[in-house]
Structure formats: structure tokens, C-alpha cells
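Here are some exercises to work through with the model open beside you. Try each task yourself before reading its solution.

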Amino acid sequence: MVMGGGSWARTFAAWSMTFAAFASAVPTQTAPAPARIPSSVFAQRPYMSHPVLSPDGRRVATWMNVKGEQVLGVMGVDGQGVQLLNSGEKYDINWFRWAGNDTVLISIGTSVTYLGQEAWQTRLIAFDPTSGRSRYIGGKKEGLIGDDVLWIDPGGREILLAFQTSVYDWPEVFRIDLATNAAEKVVGERENVWDWYADQAGTVRAGFGTINSKWFMIYRANPAEKWRTVVKARASDEDAGFDAFRIYAGSDQGYRVMLNEATGRYALYKFDFAKRERGELVFESATNDIDDFDSETGTGKLTAAWFTEEAPKVHWFDPAMQKTQAALEKAMPGKRLSVVSRSRDDATMLVSVGNSHDPGGYFVLKTRERRMSPLAAANLELDTARLAPVRYVNFSARDGLSIAAYLTLPQGREAKDLPLVVMPHGGPYDIRDDGGYDAEVQFLANRGYAVFQPQFRGSGGYGKAFYEKSEGQWGRAMQDDLDDGMDWLVKQGIADAKRVCLVGGSYGGYAALWGAVRNPERYRCAASFAGVSDLRRQLRYQVTFRISKRYRKDWRRIVQGEDEFDLRTVSPLFNVERLTVPVLLMHGENDQRVPVDQSRLLANKLKAANKRYEFYAIADEGHGFSNSANQQLWLDKLEAFLTKYNPA
């Protein structure tokens, strides 16, 4: 499939002019201050997000906005015939993917009591969009992890699923018939092996295990071979664990994302898994890590590699896809254009269109007909001409480390002595901001605030050395980066040092709270959604999580650092006496990631200490905003709080 750029560019350009929601002008800093956009408009959930095409390109599985609620839906590629799935109030949906053309696999999770403590439990269900029925896949009484899908049959008939048959066993791998849920064990448990991996033909080829602080990998070329250990290493060794990799069926060869020692960044290499030998370099970014890559089912032929520099990017290995991407970018300059999903024959594609100050939407691209049509706009009520573009900047931390950041300046105001909101992202590991449209950022900019999003040490994609500088630095050097970014903006004359607040969610909520506790002389206030206040308590809750798959590091050691370090000294809950500025707390009572007690306990202590605070628990919410009403509640409370304590 080879496509010329000329006719495509003319067709797309003409079409884009007819769809106003996707054709906003780029505002300038000298334009008059725009009128305020109602919080209800910013709070609207996108009609569609994270859509995935079925292999035949006839259906789309996607998050949908239904009367302000975010639900999982399946529809025809023409937007018709919508079927909705309700996972239940007890469960969060973690991910979804197609198994053939008629089944959607869905991972769900919930908080449970495990060995006397709270822990995160996952299960797998299959959804039939034709009948609207769903059913459990695998067992119902297995251990904590029940959604580890290693392989999906291209025809959608069966999968490989790894799980513990009880909490006292190591994971085993089963071949499961999706129609009947009949399970055949293909790999039995092996002591200390927690993760299994299969090749593209559905043969289990590798397993990863851990013993105390050491990692190992076992490998086999085919089911007739015995397992043999090919890797033994300390968790601190670079080559201890494998991140993104693919093994060719019937071969020891494949591809692996691994460290380029010369650059300190992760790149894509050929790899011999039997000999554990690195082959030639296949692709790397000039500035950042490779996040992931993909290859064709069956052939193993590389299709794409993804990475994020100042913005998300893709490298297509297929010349036809390179031409398609180029034609899209030529047709809609100034937009972020991404092919987010493709049918197996590449005849149908979903294209995301937008930019930092335009939430955009999705198009259906029919490659054979050379025709592109709208599927869904994210927010047709939003006047994007009133939004502010986001800039990518860099500053130096106090130890000389270069830190990237995103800066959004309010329209109609001189970039001088502005009120500032510092907004650290969640995660924090393997996560970063990417400068795309963010409703909260644009809401604050529309209210007159400069918004600063530092990509502090530990943020994903900036190389091994950058990550390692975050180890044991919660509340310490990671927090210094936020302060240093603020100082840089003040030195540039952009921000007023006396008008700065911290706002964040999850880890960002922790950083906001801790910044206000640690340095009340710097910040006028702090606002936290679903933030952590007691690090020890959260460590116990998340003991089963491995925060960074790339680096295979222990969650406790990464957060705590030295064994003797007392996490109470960097936990807001145990330092409320130091707080002299007001704080806003909001938390979903159904939060399965950071339990609501993290905010409730802090609120109780703040009340007892007669500190200025506001606390709102949302009865029907989890670790984020699942509906427009709750998103608007947060924006309204945040605006009122900032107006009172740090007016723009």
C-alpha cells in the first residue's frame, strides 16, 4: 500500500476546514485577555478516548462519555450500534483489548484484604458486544494478579493467561478457550518466578523471578526444551530485567529495548535471547528513551517504535505508514496527528488530531478509498481560540541536573510577575507530562495563572541516570526540583515569588502537600487530589506493585532509600505542626490506588491542630475523575480556594 502525499493532503485540508472543532487558531500572548470559560465546559469528559479498532476494522472499543459518566463502550466504526459495559462500583477498569473481532478482554481491579493488609487484586472478563454479556475468564479464586495475558490468538479463540491458582502458589500459565473458559495448563509453577512471557505464536519462552534483591531469567527455545537460567543479576544491575521485548516464533532471535551505554538512554536493538547477546542498533531517539515498539503478528516484522521528546512521537518502519503519517501532518500543520489504532489489513485506521490548546478528536481513515471522516470530537462546546499554547522549556536544578518542563502562560497578560501554579504530575516513575491538552492546565490559564509542570527527576523517558537520581528522593531531591523550577521562573521575571501555589494529584498531590509543609515560606497554599500523606502506610498498601518495570527496582527501596531512613520525616501526616499555609484536600472514597484514608487522616490531624484546610470526600469516585460532575466539583473548589488564598 503506497500512497502519494498530494491528493491526501488536499483532501484532508479541505475536510478539516469544515470541522471547526479541529481548526482552532493559535493564540498569542499579546491578544486581549479571553473571556472566562465555564468550569462545566472544561469538566466535560471527552465523548471518546483511547479507542481501539477490532482486527477487521468494523468495531471500536473505547472509553465513552455517557451523560457525564465515563464508561466502556463498543460501537461500529461509523459510530452506530453502541453497547456499554458497567464494571460495577466495586471495580476499576485497568485496560481493554480485542481478542478477535467479537470479544473484548477487560482487566478489572479492586482493593482486597491480603494477608491482613489492603492490596490490589485484578481479574479478567470477556465482553461480547453483540449480546452485551460479560463473563469471567480464568479462575475466580486465584491470587492477586488475574489479568496477566501473555498472548491472544489472532482469531480470538484462545489466550494464554498466567495466574496463581491460590495465594500460596507461584503463577502458572494456562491456555484458555474463550468460548468455554476451559483451561489447559501449559507451564507449571516455578519457585520465585512471577512473570511469564510468550512469543508471537503462543509458546511460553521466558520467565522472570526474584529472590530478595536478585533477579533471574529462565528461557527455552521450545516446549520440548528444559528451562535454563540465562540471567542472574542484582536488582541494581542494569541488565537485571527486561523491558519491552519480542521473541520470534521458532527462533532465539528478536528485539529488545535496552540501554545504550554511550548515551544513557534506552534504544531498540536486535537481541539473541539464548545467548543473551545484543545485536545491532535498530532505532533510537536523539534525546529520550524509546518507550515501546510493535511488530506484526506471526512474521515479527517491526512496525513502529514510540517515544516522547517534547511531544509524543512515532517512528514507522513501514514505508507506507511513513507516507501516511507525512500526508496527515502536511494536511493539518500545527496539529498533533497520531494513528492510534489500525485494522489488521491497514484498510481502516483511527487518527487522533489535536494539540496543547485543542482537545481535538478522532477521525476514521479509509486508506483504500483515500477518505477520512470524523468519528468523535472531544469537546465541541470548548472555544479553543481562548486557550493558551504550551511551551517546552528547560532549567537547571541546584545540583546541575537539567530538568525539562511545560509552561503555559495566560492569554492577554504580560509574561511578567504572574501568579503561578506549580503542578507536579502523578506516578511518579515511568510517568511524565507530554504537553498535550490538559483541561486542568487550560482552566487555570484561563483564570489568569501561569502553570508550570516540571518533569522532575524520576519522570519517565529521560534516561537511566535521570531515573537513578530519584532513588530514595521522595520529599528530598525530587521536591528540590519543584522549588528550583519556581526559582528559575522568578529569576526569568515570569512569576511573582510571593504568589505561588502547588496543585497536584496522586504523587503530585503528595508533592503539593509536602512542598507546603516543608517550605511554607515559598508557597501560599497547596491543593491535593488523591494525594499521599503517609508514605509508610502507602508502602504497605502497594507492597505487591513493582513501580518501574523498566528498571526492575524495589518499590520500597526506591521511595525510602536507606533502610534506616524514617519516612515519617517526609510525610505530611507527621509534620502538620510545620504547616502555616492553607491546604485543599479532595479524595474519592472508592479510590483503589491511594485509599481515601490518606486524605481523611490528614484532615483529622489538621483539624486537631487548628490549621486552615478544606477536605471533600467524593462518595462515588476513584483515583481520578470518572464523570463530569466530579471533575467540575474539583475545578470549582480549586478556583474558589486559589481565589481566596492566591488570587490571580
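Buried means under 20% relative accessible area, exposed over 50%, and partly exposed in between (1.4 Å probe, protein chains only). This is a predicted model, in which local features need pLDDT of at least 70 and side-chain atom pairs count only at pLDDT 80 or more, while totals for chains, interfaces and linings use all residues. Residues are numbered from 1 along each chain as its sequence is written, and side-chain values use heavy atoms, with hydrogens and water left out.

**Exercise 1. Salt bridges**

Task: Find the partners of Asp383 and Asp199, and decide whether the residues are buried or exposed.

Solution:
- Start with the criterion: a salt bridge is a side-chain nitrogen of Lys or Arg within 4 Å of a carboxyl oxygen of Asp or Glu.
- Asp383 meets the side chain of Arg386 in such a bridge, at 3.1 Å from N to O.
- Asp383 has 33% relative accessibility, so it counts as partly exposed. Arg386, at 26%, is also partly exposed.
- Elsewhere, salt bridges that share partners link Arg398, Asp480, Asp483, Asp484, Asp487, Arg518 and Arg522 in one network.
- Asp199 pairs with Arg205 at 2.9 Å, N to O, and both Asp199 and Arg205 are buried.
- For the overall picture, the structure holds 32 salt bridges.

**Exercise 2. Two helices that cross**

Task: Describe how α6 and α7 are placed against each other, and sort the residues of their contact by character.

Solution:
- Helices (H or I, at least four residues) and strands (E, at least two) are DSSP runs, numbered from the N terminus. Here α6 covers residues 477-491 and α7 residues 507-518.
- Axes are lines fitted to C-alpha atoms, for helices over the stretch in contact, and angles run from 0 to 180 degrees between N-to-C directions.
- The axes of α6 and α7 come within 10 Å and cross at roughly 75 degrees.
- That makes α6 roughly perpendicular to α7; the classes are roughly parallel under 35 degrees, roughly antiparallel over 145, roughly perpendicular from 65 to 115, and oblique for the rest.
- Contact means heavy atoms within 4.5 Å. On the α6 side the contact includes Met478 and Asp483, and on the α7 side Trp514 and Arg518.
- The contact of α6 with α7 divides into six nonpolar, two polar and three charged residues. Ala, Val, Leu, Ile, Met, Phe, Trp, Tyr, Cys and Pro count as nonpolar, Asp, Glu, Lys and Arg as charged, and the others, Gly among them, as polar.

**Exercise 3. An open sheet**

Task: Work out which strands stand at the edges of the sheet, and which helix packs on it.

Solution:
- Two strands pair if DSSP finds at least two bridges between them.
- Four strands make an open, antiparallel sheet in the order β24-β25-β26-β27.
- β24 (336-342) and β27 (371-377) are the edge strands, each with a single partner, so one side of each lacks a neighbour in the sheet.
- On average, neighbouring strands of this sheet are turned by 30 degrees against each other, direction ignored.
- β26 (residues 358-366) is joined to β27 by six bridges, and Leu365 stands opposite Met372 in β27.
- α3 (residues 319-331) packs on the sheet, touching β24, β25, β26 and β27, and its direction makes about 140 degrees with that of β24.

**Exercise 4. A strand with two partners**

Task: Trace the pairing of β10 on both sides.

Solution:
- β9 (residues 148-152) runs antiparallel to β10, with four bridges; Ile152 has Ile159 as its bridge partner.
- Five residues lie between the strands of this hairpin, where Gly156 takes a positive phi near 80 degrees.
- β11 (residues 172-177) is antiparallel to β10 too, through six bridges, and Leu161 pairs with Phe174.
- Five of the six residues of β10 (residues 158-163) are buried, so β10 is largely enclosed by the rest of the structure.
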